[in-house]
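Welcome to this tour! Open your viewer, get ready to select a few residues, and follow along stop by stop.

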Amino acid sequence: MDLAGKAALVTGATRGIGRATAEALAAAGADVVISARTSVEVEQVAKDLDYAFLGRVVGITADVSRPEDCTRLIEETVASLGRLDVLVNNAGVGVLASIEDLSVEDWQTQIDTNLRGVFCCSKAAVPHLQSAEGWIINIGSLAGRNPFAGGSGYNASKFGLVGMTEAMMLDLRHSGIRVSMVMPGSVDTR
């Protein structure tokens, strides 16, 4: 697939899988918006990647657990790049604790970031992706198929993401938008 001239957005892109994905897209010639919650990190990583790769890299700070940030992120991406061809929903959070110890707030944070954030970003992106015959790529986890002790909130969010991704694929496959999921195992990042 030729990515030269394509426009991509990667959430959770200041480290780990998200940063590596943004690097790969920019190296292939795509223009990329990277996003995360911490503005200092977003600005630094965008600067580093924009300097190092062929594709243009722009940083936009957003918290995908907030629906209004998701809408703004998509709007600012299209305004910055002129279009949107690829959305990589990578932002995620994991709070590992037994059901006895997991707070309601930590449960909600995982659901809001790992599940609702993907829904809100995807929903806002669909009109732009239809005109581009674009991609939605959701970064899940093997935790979306394999439960583990201490993972009640994280497993719930990732199991939900698997189901939502499969349903989105069925909803959008005739409108020119391809929906895929990557399910990595454990990754040794901070």
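Let's begin with one residue: select Asn90, which counts as buried because its relative accessibility is 12%, below the 20% cut-off for that label. Keep in mind as you look that this is a predicted model.

**Around Asn90**

Where does Asn90 sit? Find the loop that joins strand E4 to helix H4 (104–132), and you will see Asn90 there. Now show the residues that Asn90 contacts, leaving out neighbours within four places in sequence: Val10, Thr11, Gly12, Ile17, Gly18 and Ile139. Keep Ile139 highlighted, as it will come up again at a later stop.

**Strands E4 and E5**

Next, select strand E4, residues 86–89. Do E4 and its partner E5 pair in the parallel or the antiparallel sense? They run parallel, joined over 4 bridges. To see one facing position, pick Val88 and look across to Ile137 in E5, which stands opposite.

Now colour E5 itself, residues 135–139. How many of its 5 residues are buried? The count is 4, so this strand is mostly covered, buried being under 20% relative accessible area.

**Lys158 in helix H5**

Move on to helix H5, residues 152–172, and select Lys158 within it. Is Lys158 buried or exposed? Its relative accessible area is 3%, so Lys158 is buried. Show what Lys158 touches, again skipping residues up to four places away in sequence: Asn114, Ile139, Gly140, Ser141, Ala143 and Gly144. Ile139 is on this list, and Ile139 was also among the contacts of Asn90.

Try your distance tool here too: from Lys158 to Ile60, C-alpha to C-alpha, the model gives 25 Å, with their positions 98 residues apart in sequence.

**Zooming out**

Finally, display the whole protein chain as a cartoon. You can find 5 helices and 6 strands. Following the sequence, they come in the order β-α-β-α-β-α-β-α-β-α-β. The radius of gyration is 16 Å, close to the 16 Å that the globule rule gives for 190 residues, so the chain is as compact as a globular protein of that length. Its C-alpha atoms fill a box of roughly 50 × 40 × 30 Å along the principal axes.

Switch to a surface view to finish. The chain exposes about 9,200 Å², and carbon and sulfur atoms supply 53% of that area. Of the 190 residues, 47% count as buried.

Notes. Residues are numbered from 1 along each chain as its sequence is written. This is a predicted model: local features need pLDDT of at least 70, side-chain atom pairs count only at pLDDT 80 or more; totals for chains, interfaces and linings use all residues. Side-chain values use heavy atoms; hydrogens and water are left out. Helices (H or I, at least four residues) and strands (E, at least two) are DSSP runs, numbered from the N terminus. The radius of gyration is taken over C-alpha atoms; the globule rule is 2.2 Å times the number of residues to the power 0.38. Buried means under 20% relative accessible area, exposed over 50%, partly exposed in between (1.4 Å probe, protein chains only). Accessible areas come from the Shrake-Rupley method with a 1.4 Å probe; for residues, only the protein chains shown count as cover. Contact means heavy atoms within 4.5 Å. Two strands pair if DSSP finds at least two bridges between them.
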